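The following exercises concern the architecture and helix packing of a single chain. Please examine the sequence and the structure before reading the solutions.

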Amino acid sequence: MPFDGSPRLSRRERDAARGRLAKMRAEAMLGLMCAVIRMAREERIIVTGLNAEGPFRGAIRAALCDQGWRWQQADDVAMHLVEVALNILQVRRPSWAEGQQAWTGTLIVRDAQCRNCGVPLAPRQVHFCCGSCRSRWWDAFNRQAA
Ligand SMILES: [Zn+2]
């Protein structure tokens with residue numbers, strides 16, 4: 001019920017009470033998000049649509065909370081809307097393995113023993129004693145990360 005005591009609900013309050021976003025509003029938000037992400041990528045303001053994920057999710061959630069939505073409900077809807085926008089734009093989320101520093105090859109910390117079989121490494125060896133151990137270790141790593 002509004003603060004003035006009137007029993008009549010505004011459109012926003014009805015949306016909040018229903019616990020879901022009106023379809024037209026959702027479609028308008030999706031169109032806007034897709035346009036902004038496309039433009040930001042073209043202008044090289046962002047590298048990937050994923051850069052917009054957090055800001056959009058937070059902004060939509062905050063707007064819905066301002067309209068009377070419960071935080072969790074607002075966050076669920078915001079997350080879903082952003083996910084749909086990223087799917088429309090065919091944004092691919094990197095795998096867990098691709099998100100690790102070792103994936104980029106920029107982190108070089110020598111191991112004392114082979115990561116796969118545990119034999120002591122020669123000075124020129126970094127993580128593995130041989131190519132076979134490297135393959136087996138990365139196969140297991142990627143299986144675990146998938
Ligand atoms: Zn080995």
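Four exercises with worked solutions follow; the model is a predicted one.

**Exercise 1. Overall architecture**

Determine how many helices and strands the chain has, and what percentage of its residues is buried.

*Solution.* Step 1: the secondary structure consists of six helices and zero strands. Step 2: in sequence order, these elements give the pattern α-α-α-α-α-α. Step 3: of the 146 residues in the chain, 14% are buried. Step 4: among contacts with a separation of 6 or more, 43% join residues 24 or more positions apart.

**Exercise 2. Packing of α2 and α4**

Describe the geometry of the pair formed by α2 and α4, and identify the residues that make their contact.

*Solution.* Two packed helices are described by the angle between their axes and the distance between the axes. Step 1: the axes of α2 (residues 23-42) and α4 (residues 71-88) come within 9 Å of each other and cross at roughly 55 degrees. Step 2: an angle from 35 up to 65 degrees falls outside the parallel and perpendicular ranges, and α2 and α4 are therefore oblique to each other. Step 3: the crossing of α2 and α4 is right-handed. Step 4: α2 contributes A26, M29, L30, M33, C34 and I37 to the contact, while α4 contributes L81, V82, V84, A85 and I88. Step 5: classified by type, the contact of α2 with α4 has 11 nonpolar residues, with no polar and no charged ones.

**Exercise 3. The largest nonpolar core**

State which residues touch the most other members of the largest nonpolar core, and which helix gives the most to this core.

*Solution.* In soluble globular proteins, nonpolar side chains tend to be buried together. Step 1: the largest nonpolar core has 15 residues, of which M33, I60, L64, A78, L81, V82 and A85 touch the most other members. Step 2: at least two residues of this core come from each of α2, α3 (53-66) and α4. Step 3: α4 gives the most to this core, namely seven residues. Step 4: for L64, with neighbours within four places in sequence left aside, the contacts are W69, A74, V77 and A78.

**Exercise 4. The setting of E27**

Is E27 buried, partly exposed or exposed, and what separates its C-alpha atom from that of L81?

*Solution.* Step 1: E27 lies in helix α2. Step 2: E27 has 13 C-beta neighbours inside 10 Å, and therefore counts as partly exposed. Step 3: E27 and L81 are 54 residues apart along the chain, with 9.1 Å between their C-alpha atoms.

Key. Residues are numbered from 1 along each chain as its sequence is written. This is a predicted model: local features need pLDDT of at least 70, side-chain atom pairs count only at pLDDT 80 or more; totals for chains, interfaces and linings use all residues. Axes are lines fitted to C-alpha atoms, for helices over the stretch in contact, and angles run from 0 to 180 degrees between N-to-C directions. Helices (H or I, at least four residues) and strands (E, at least two) are DSSP runs, numbered from the N terminus. Angles under 35 degrees count as roughly parallel, over 145 as roughly antiparallel, 65 to 115 as roughly perpendicular and the rest as oblique. A crossing is left-handed if the near helix is turned anticlockwise from the far one by less than a right angle, and right-handed if clockwise. Two residues are in contact if their C-beta atoms, placed from the backbone, lie within 7 Å. Ala, Val, Leu, Ile, Met, Phe, Trp, Tyr, Cys and Pro count as nonpolar, Asp, Glu, Lys and Arg as charged, and the others, Gly among them, as polar. A residue is buried if 20 or more other C-beta atoms lie within 10 Å of its own, exposed if 12 or fewer, and partly exposed in between; C-beta atoms are placed from the backbone. A nonpolar core is a set of buried Ala, Val, Leu, Ile, Met, Phe, Trp, Tyr and Cys residues joined through C-beta atoms within 7 Å.
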